[in-house]
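Me: Can you take me through this structure and show me how each label is earned?

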Amino acid sequence: MNLPKDPVILLSYVNTMLRDRHVSLEDFCKTHNIPQETLTATLEAIDYHYDAQQNRFL
């Protein structure tokens, strides 16, 4: 599956998937076969960071 290219839309998509279908960021990345470091770097560029306790980017 192709993930959204726009970082804000990507943020919304990832947080929705984390809330509804995945128990962790690691699980999401493995399921979608994407490097976790790439995803976190993309979202950190717009000042969002993964919070494992809440299982979402804040």
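Reply: Sure, starting with naming: helices (H or I, at least four residues) and strands (E, at least two) are DSSP runs, numbered from the N terminus. This is a predicted model, where local features need pLDDT of at least 70, side-chain atom pairs count only at pLDDT 80 or more, and totals for chains, interfaces and linings use all residues. Residues are numbered from 1 along each chain as its sequence is written, and side-chain values use heavy atoms, leaving out hydrogens and water.

Me: How do you know that the span of helix H1 agrees with its 14 residues?

Reply: The expected span is 1.5 Å times one less than the number of residues. For H1 (residues 7–20) that gives 20 Å, and the end C-alpha atoms are 20 Å apart, so the two agree.

Me: Where does Asn33 lie, and why is Asn33 called exposed?

Reply: Asn33 sits in the loop between H2 and H3. Exposed means over 50% relative accessible area (buried is under 20%, partly exposed in between, with a 1.4 Å probe and protein chains only). Asn33 has 69%, so it counts as exposed. Its phi is positive, about 55°, although Asn33 is not a glycine.

Me: What makes Asp47 exposed?

Reply: Asp47 has 58% relative accessibility, so it counts as exposed too. Asp47 is in the loop between H3 and E1, and its phi is also positive, near 65°, in a residue other than glycine.

Me: Which residues of H1 are buried?

Reply: Leu10, Leu11, Tyr13, Val14, Asn15, Met17 and Leu18 are.
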